[in-house]
Amino acid sequence: MAGVQQITLVKKVRNFTDLVGQLRFQQRWTKSPRIPATSVMGHMLVVAVLAYICSEEAGACDSRVRNNFFAGLFHDLPEVLTRDIVSPVKRSVEGLEDLIKEIEKKQVEDKILPLLPEAWHQEIKYFIEDEFGTKILENGMVKTVSADELNKKYNSDQFSPVDGEVIKGCDHLAAYMEAYLSVSHGITSTHLKSVLTSLPIDYKGRSIAGINFGKVYEDLAHS
């Protein structure tokens, strides 16, 4: 109820909710017709749910479970300002991906953060900046660590850990399922076929934070 009151009564929070709500009208795979169609917001929710399940499976501490869910939920938030730029385009010119990241960062600072209470700014930035980086907070500073290090040394609420590599794995898994469902409905394309072929190869035998993503792809391929 407190959250509903914030959205209803506080103009800035309401404007933030309205802005984020635009992501339900932004379609993924715009160059590849798909059935069922997937909005950016729907994709973000699927990634968040997968990140939550993986966190529980990995025996994550409470802070890590919470952070992974919200980092998954907000990982594409800057796209409400920059729109979806597909990965092949980002990587087509050296340095373009970094430039896009800088533009996204500035847009978030100028357009999104002013809509939120100042006390939330650092936390939101922690979730969406370097969204696929595995990181912790130590002495008030963001520190990048490996998935194994996080699992063994930093799985504690005091470090406020985020499994960026797990979230990236969940992002890829969500994309695989989107492609898989479309092909299952008889709608396919070169892009969709590429995802279905490349991701199982990329993750073959691969575990992240104790989650065997390779086995997940094997099970999906045989389902």
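Residues are called buried when their relative accessible area is under 20%, exposed when it is over 50%, and partly exposed in between (1.4 Å probe, protein chains only). The model is a predicted one, so to speak of local features a pLDDT of at least 70 is needed, side-chain atom pairs count only at pLDDT 80 or more, and totals for chains, interfaces and linings use all residues. Numbering runs from 1 along each chain as its sequence is written, and side-chain values use heavy atoms, with hydrogens and water left out.

A good place to start is helix H11, residues 190-202; helices here are DSSP runs (H or I, at least four residues) numbered from the N terminus. Its buried residues are Leu192, Val195 and Leu199. Viewed down the axis of H11, these fall within an arc of 50° (taken from the directions from the helix axis to the C-beta atoms), so they line one face of the helix. The face turned away from the buried side of H11 carries the exposed residues Thr190, Lys193, Thr197 and Ile201. Helix H10 (164-184) and helix H12 (213-221) are among what covers the buried residues of H11.

The view widens to the nonpolar cores, sets of buried Ala, Val, Leu, Ile, Met, Phe, Trp, Tyr and Cys residues joined through side-chain atoms within 4.5 Å. The largest has 43 residues, and Leu77, Cys170 and Phe213 have the most contacts inside it. H10 gives the largest share of this core, eight residues. Beyond its neighbours within four places in sequence, Leu77 is in contact (heavy atoms within 4.5 Å) with Phe16, Val20, Leu23, Met44, Ile112 and Ile128. A second, separate core of five residues includes Ile136, Val145, Tyr154 and Phe159.

Terms used:
Helix = DSSP H or I, 4+ residues; strand = E, 2+ residues; numbered from the N terminus. Expected span 1.5 Å × (residues − 1).
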